[in-house]
Amino acid sequence: DMKTDLNLLLECLKYQMDCPLSQKEALITIYSICQQNSEASEYFREIGGLIFINDLAKSSVHCIVKEAALFTLGIIVESNVYCQQTLCTSALFEDLILFLIKKDSGVNLKRMSVYVILVLVSNNKNGQTYVRDTGCISLLLQLFRTTLSTSEKNLSDENTDPCYQLWSSVCSTLCACVNNPQNEDNQNICCSVFPFAKELLESCTEPGIVRPICSFLGLTVANNSYVQKYFVSIGGLDTLAKVLLELMHDACFSLSSMKLAVVVTKTLDACIANNSAVGVVLAKYHTVSELLKLLSNETLSTGEKISIILTIGHCTEVSEENQCELLQNNGLPLMIQVLTESQDEELIKAATFVLQNCKQMTEQLSLKLCDNSLNVNSAEELDVQVRKSCLKDYWKKAEEILHRINSLEKEHNEERVQGEIFVDKFSIANSEALKSDEVNRADPKKYTERTQKDVCSPQLISKLNNQVLAPSVTSASQKNETGSTMDAASTKQTEQRNIPCSVPELQTDNVPQSHNNINGKSAWGENQSGLQAGLYFLLTFFLPHLDRHLFCPENTERVTSTSATSSSHKMADLRCLGCTAGLSFNSKTFTKMLQSCLHRCEQHRIILEAEERYRGDLRRVAAGNNSRSAAHQ
């Protein structure tokens, strides 16, 4: 069994001291048994095998035995935490330093030594302390600077190049020295190689270089404001922004470049997460617009989208330039689309974070609508002022929509009062309908059927045979118990007919049931298209004093119906294509469907007009930006 094999292999190591090849084969067999086997590794430690291999690595004069012994130690330590604690001593770190600094040590022996350091410091605070106190981390940083030179190495052979493999192992070990758990002292030491990392990124954008460096930079600056400021001060943020631009140019033709751009994005986010004010540096590279382009890629995973949106959120948290760029590049509708269409909780939180930044910005701009005394001293300040003016125009249009809705509500209230007092002043068609009401009032069931036949749209007539009282029951059950029978609902309806009311109010009671869910309440958020829900969220999000119930389809239809003079004529306004649209439409196709509709209700007419004005303004702003860019050039 496993224990017997390990005992025999250990004896073989002890009695084959003069045969390095046999010792190497025994070591290979030992690590194949202990690899990812915590129980085997623990048993090998108990029988003294771990300490014996450690001594063998130090005492053997054969390089192949040293390399195999170090690799076996790394495998056993990686498999069992007790083995890690046993070997994690300052003495072992000092022995590993000797392997790294000896001139006769080969690249592969150095690589095995770095691997042992990696497994000793991974998820081990004591190991992180030993690697710093013994000076081992300084030696690793020296290897980071001197092992690899992009002008001399051919990165196309990175999988077989031993120098590149050593450099990559050093990068991974440095990442473990500063992270999990986070070690601020080691972070402050590692930032000394930032200038070299910056030069390396500027000279080469190969994945084999960019990935390890971005991982090292991201973990070294994470949650450390001092290191973040230093990285920005040496121009590191500018370098990352330039690398992102170059990768985004190649991302149109290469999937690997797109994935690598996501890695750079995560590093950018780590550099500004705790100090959003430095994000203003990214404005001159139009980083936000590039991130929006990256976000629109359909091959991204949910985790990658979350990283990109969080980076956009940190860029726009403080910087007004980045906020303006977000709005000018249709970032706001994109965030709303993510919010309304995504089911992932973390993705929704990230999109809400960006929208919250935009909300704060628009609230600040709304307080400055009357302040036009801005001093423009340069072309750059003029460009910023023009962008802010565009945002003010968007705010004014949102206020116009609110004013329009309030006017419709006021008009509805006035007509409702007039309808209750002056019933005899209705149109001839309404008078005939009321006379017919009086003739058939004695039979409530026939009265209800006739009323519904007069006002219901043609596509609903076929459903009325089995649902004669359905609309009235729905209206009555909102104020009474849901368990009422059909006869009780009919009686209450008959009693309500004794109160003077207008025909438009009867039409409102007969709103089709497609607007109601199982509980009889409005299903606005579930049955409307992405564009409707997005615009509804946009207005209510940026206008907190707005009555949100004004956007419910029931209220909108009630406002529309009260402005009618004829029941047959107003049914065209009561139900348009936008009202009957189901989940088959999305935010892209819904607008085209509304434009093709000849008879739009008041609600969708307002939405369509607002969107057309918004698109027109975006086109004018884009044209202005192009003309200014041409002038500067």
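Mentor: A crossing is left-handed if the near helix is turned anticlockwise from the far one by less than a right angle, and right-handed if clockwise. Keep that handy. This is a predicted model, where local features need pLDDT of at least 70, side-chain atom pairs count only at pLDDT 80 or more, and totals for chains, interfaces and linings use all residues. Residues are numbered from 1 along each chain as its sequence is written, and side-chain values use heavy atoms, with hydrogens and water left out.

Trainee: Okay! How many helices and strands does the chain have?

Mentor: There are 36 helices and 0 strands in the chain. Both are DSSP runs numbered from the N terminus: a helix is H or I over at least four residues, a strand is E over at least two.

Trainee: What makes H7 and H8 roughly parallel or roughly antiparallel?

Mentor: Check the angle between their N-to-C directions, which runs from 0 to 180 degrees; the axes are lines fitted to C-alpha atoms, for helices over the stretch in contact. Helix H7 (residues 90-101) and helix H8 (residues 107-121) have axes that come within 9 Å and cross at roughly 155 degrees. Now the cut-offs: under 35 degrees is roughly parallel, over 145 roughly antiparallel, 65 to 115 roughly perpendicular, and the rest oblique. The value is over 145, so H7 and H8 count as roughly antiparallel to each other. Their crossing is left-handed.

Trainee: Which residues of H7 and H8 make the contact?

Mentor: Contact means heavy atoms within 4.5 Å. On H7 you'll find Leu92, Phe93, Leu96, Phe99 and Leu100, and on H8 Lys110, Ser113, Val114, Val116, Ile117, Leu120 and Val121.

Trainee: And at what angle do H1 and H2 pack?

Mentor: Helix H1 (residues 2-15) and helix H2 (residues 20-34) pack at about 155 degrees, with axes 9 Å apart. Therefore H1 is roughly antiparallel to H2. H1 also passes H2 in a left-handed crossing. Among the residues in contact are Leu6, Leu9 and Leu13 of H1, plus Ala26, Ile30 and Ile33 of H2.

Trainee: Why is Lys198 called buried?

Mentor: Buried means under 20% relative accessible area, exposed means over 50%, and partly exposed is in between (1.4 Å probe, protein chains only). Lys198 has 19%, so it falls in the buried class. Lys198 sits in helix H13 (residues 194-203). Leaving aside neighbours within four places in sequence, Lys198 is in contact with Ile234, Gly235, Gly236 and Thr239.

Trainee: What about Ser307, buried or exposed?

Mentor: Ser307 has 16% relative accessibility, so it counts as buried. Ser307 lies in helix H19 (residues 302-316), and beyond its neighbours within four places in sequence it is in contact with Thr265 and Lys266. Across the chain's 633 residues, 48% are buried.

Trainee: How do you know that His286 is partly exposed?

Mentor: Its relative accessible area is 40%, which falls between the two cut-offs, so "partly exposed" fits. His286 is in the loop between helix H17 (255-272) and helix H18 (287-295), and its phi is near 55 degrees, a positive value in a residue other than glycine. Asn330 has a positive phi too, near 60 degrees. Asn330 lies in the loop between helix H20 (320-328) and helix H21 (331-341).

Trainee: What makes two rings an aromatic pair?

Mentor: The ring centres of Phe, Tyr or Trp (its six-membered ring) must lie within 6.5 Å; planes under 30 degrees apart are stacked, over 60 edge-to-face, and the rest tilted. By this rule there are 10 aromatic pairs. In one of them, Tyr164 and Trp167 are 6.0 Å apart centre to centre, with 40 degrees between the planes. That distance is within 6.5 Å and the angle is neither under 30 nor over 60, so this pair is tilted.

Trainee: Where do Tyr164 and Trp167 lie?

Mentor: Both are in helix H11 (residues 162-178), 3 residues apart, or about one turn of the helix. Both are buried as well.

Trainee: How do you know that Lys14 lies over the face of Phe52?

Mentor: A charge sits over a ring if NZ of Lys or CZ of Arg is within 6 Å of the ring centre and within 35 degrees of the ring normal. Lys14 is 5.9 Å from the centre of the Phe52 ring and lies over its face.
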